[in-house]
Amino acid sequence: MPAPEIALTQRFQTAFVAAFGPEYAEADPIIRPSQFADFQCNAAMGLAKRLGRAPRDIAAEIVEAVDLADIAEAPEIAGPGFLNIRLRTDWIAAQTAELVDPSAALGVPAPERAQTVVIDYSAPNVAKEMHVGHLRTTVVGDSIVRTLEKLGHTVVRQNHIGDWGTPFGMLIEHLLEVGEDSAEADLVRTDPNAFYQAARAKFDAAESAGVAGSALEGEDFASRARRRVATLQSGDAASLRIWTHLVDLSKQYFHRIYDMLDVTLTDEHLAGESTYNDLLEAVCDDLETAGIARISDGALCVFPEGFTGRDEQPLPLIIRKSDGGYGYATTDLAAVRHRVGTLGADRIGYVVGAAQGLHFQMVFTAAREAGWLPAQVEAEHVKIGSVLGEDGKILRTRSGSSLRLMALLEEAVGTARTVIDELRPDLPEAEREQIAHDIGIGGVKYADLSTAHDSDYTFDLDRMLALTGNTAPYLQYAVARIRSISRKAAARGLTAAAAPRVDNDAERALALALLEFGPTLVSVGAEYEPHRLCAYLFSLAQAFTSFYEASPILQDADAEVQAGRLALAELTERVLVEGLDALGVHAPQQM
Ligand code: ARG
């Protein structure tokens, strides 16, 4: 049951072979939706160049050779050689009817070759602020994994949390001072940033008090913190135990956020920086032995090809500091090695803030040079743009105090609650609570998803929760509306026809939109671009609104017409729900 552009592509390629020879079998007919027809074939211009002939002649020859009789009317030549294609309405109807069958998977094709795709996303830092940036990497990453799974790929989620490194010295010392079971310790679970800042403040105070202070009070906090890093990294059991306690508290915090967000990440997907510890030495040794890394200013560095800094000097990727410590880059190199070598990745996607672009390009290049990332394995940094406050700056505070993610999400649900209380005071309390959750969380997630992932956007709760525009509530409302139509129909004993009705222009446009779901999802998975799915769902919901105005379902006197339109509406509902599910947005039964 091919989507129109796939069916058209096949027919045109057959025509190319017939008209121009077997070497044109793979030429791209460039089929695109068009405002002048249903689709346009834009191949004539390129082929004309290749064949050294006039584009309009080529277009005429294509029209001569192509057999579209059962799919479309004869193409019309326009402009320099565009071919305008109007599909036959009976063909659209037949394709749409096939979509209804559960085995058609709503037109989502099985993959030519199922891949193992590793997606690195969320990745907050232990006992530190999980900020709106992490919220966005979490939401976008989760939508990507859901989409890839729907496309039949094997997805390995990797939550590369920051659970190692120098800050743990100060965090452990602070935890020991406040007491492991104290209320302050509990902050790691409830407001980690506050815990981090308290530790930081002690550290900074000790540092600025300097040597004089420490002589009076014994070893100061800063030196103890530094010493703790060393004992921790050397594997000291007591330090490791406290570290584990910190990480455990942090995990509880992450999972509270993930639960609130309906995100699919669980403990089994945690693969934090610390899990690569035992591999770091080999990473350095192997790179050094292979002549890829060398000592520069006391540090072991890789100078990946093509990266230069100021004065055209080669840019180093430091993998072992002069004090012997390993850093973020070393861990990421070990992670690439593990993901390709052990997890069997065909593709790796890193859903991480755009600011880390250079880091990832250097890591990928170094890994390719080392042979750990073979050419056939794709690695991509899915760059995540910033979330801005109303002042145009990165969102860090709200109403003057520092921003707590949980409070932000609760506020979203609270605002959604006022919306639904006004809209549906008749619904039972528990249901309104559930709907408020779906709208509030869905609204926040959808705002993250509907903007291109590498663009910044302004956090605006009112806009996110609006019932109009390209928002989650608008789509959720469209679903609820169709479900309410189905309930009313059922109450009158009307059930949907087996085949959706595709007759007038609005029905035709809606059916065509439905046929685009499969190809859209494929491209969203291939390009890691959830915002295209949002744009698609928004236009589908708009096509439904136009359809419902032109073709009221229950008012029409003819029962057969009613049943055919109801089938079209119910298919729309299934596609909307499935598309929202790929985004990780839940559609309530009613609104
Ligand atoms: N924890 C890091 C941060 O908060 C993100 C880690 C991203 N993943 C990676 N493999 N480096 O910035």
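This report walks through a predicted model, from its overall make-up to its annotated regions, ligand shell, helix packing and a few individual residues.

Because the model is predicted, local features are taken only at pLDDT of at least 70 and side-chain atom pairs only at pLDDT 80 or more, while totals for chains, interfaces and linings use all residues. Residue numbers start from 1 along each chain as its sequence is written.

## Overall make-up

Let's start with the whole protein. It has 21 helices and 15 strands; these are DSSP runs, with helices being H or I of at least four residues and strands E of at least two, numbered from the N terminus. The C-alpha trace spans about 90 × 70 × 40 Å along its principal axes. Of the 591 residues, 44% are buried. Here a residue is buried if 20 or more other C-beta atoms lie within 10 Å of its own, exposed if 12 or fewer, and partly exposed in between, with C-beta atoms placed from the backbone. Among contacts between residues at least 6 apart in sequence, 72% join residues at least 24 apart; a contact requires C-beta atoms, placed from the backbone, within 7 Å.

## Annotated regions

The UniProt record, an unreviewed entry, supplies the features below. Its positions are given in the numbering used here, feature names are shortened, and annotations may be inferred rather than shown by experiment.

| UniProt feature | Residues | End C-alpha distance | Helix | Strand |
|---|---|---|---|---|
| domain: Arginyl tRNA synthetase N-terminal | 6-87 | 13 Å | 41% | 16% |
| short sequence motif: 'HIGH' region | 124-134 | 6 Å | 27% | 0% |
| domain: DALR anticodon binding | 475-591 | 11 Å | 73% | 0% |

## The shell around the ligand

Which residues surround the ligand? They are Asp-120, Ala-123, Asn-125, His-160, Gly-162, Asp-332, Ala-335, Tyr-350 and Val-352, where being near means a C-beta atom, placed from the backbone, within 6 Å. Two elements, α12 (328-341) and β10 (347-353), each give two or more residues to this shell. By class the shell has four nonpolar, three polar and two charged residues. In this scheme Ala, Val, Leu, Ile, Met, Phe, Trp, Tyr, Cys and Pro count as nonpolar, Asp, Glu, Lys and Arg as charged, and the others, Gly among them, as polar.

## Two helix pairs

Two packed helices are described by the angle between their axes and the distance between the axes. Axes are lines fitted to C-alpha atoms, for helices over the stretch in contact, and angles run from 0 to 180 degrees between N-to-C directions.

Helix α5 (residues 132-150) and helix α15 (residues 429-450) have axes that come within 9 Å and cross at roughly 80°. That makes α5 roughly perpendicular to α15. Angles of 65 to 115 degrees count as roughly perpendicular, those under 35 as roughly parallel, those over 145 as roughly antiparallel and the rest as oblique. On the α5 side, Arg-136, Val-139, Val-140 and Ser-143 meet Lys-445, Asp-448 and Leu-449 of α15. This contact has three nonpolar, one polar and three charged residues.

In the second pair, helix α6 (residues 167-178) packs on helix α10 (residues 237-261) at an angle of about 90°, with the axes 10 Å apart. The two helices are therefore roughly perpendicular to each other. Phe-168, Leu-171, Ile-172, Leu-175 and Leu-176 of α6 meet Ser-239, Ile-242, Trp-243 and Leu-246 of α10. The residues here divide into eight nonpolar, one polar and no charged.

## Individual residues

Most residues other than glycine have a negative phi. Ala-105 has a positive phi, near 50°, and is found in the loop between α4 (89-100) and β5 (116-120). With 18 other C-beta atoms within 10 Å, Ala-105 is partly exposed. Ser-122, in the loop between β5 and α5, also has a positive phi, of about 75°. Is Ser-122 buried or exposed? Ser-122 counts as buried, because it has 30 C-beta neighbours inside 10 Å.

Further along the chain, Arg-574 is found in helix α21 (residues 559-583) and is partly exposed, with 17 other C-beta atoms within 10 Å. Its C-alpha atom is separated by 8.1 Å from that of Leu-106, 468 residues apart along the chain.

Leu-533 lies in helix α20 (residues 530-550) and counts as buried, with 23 C-beta neighbours inside 10 Å. Leaving aside neighbours within four places in sequence, Leu-533 is in contact with Thr-520, Leu-521, Val-524, Gly-579, Ala-582 and Leu-583. The C-alpha atoms of Leu-533 and Ala-370, 163 residues apart along the chain, are separated by 37 Å.

Key. Contact = placed C-beta atoms within 7 Å.
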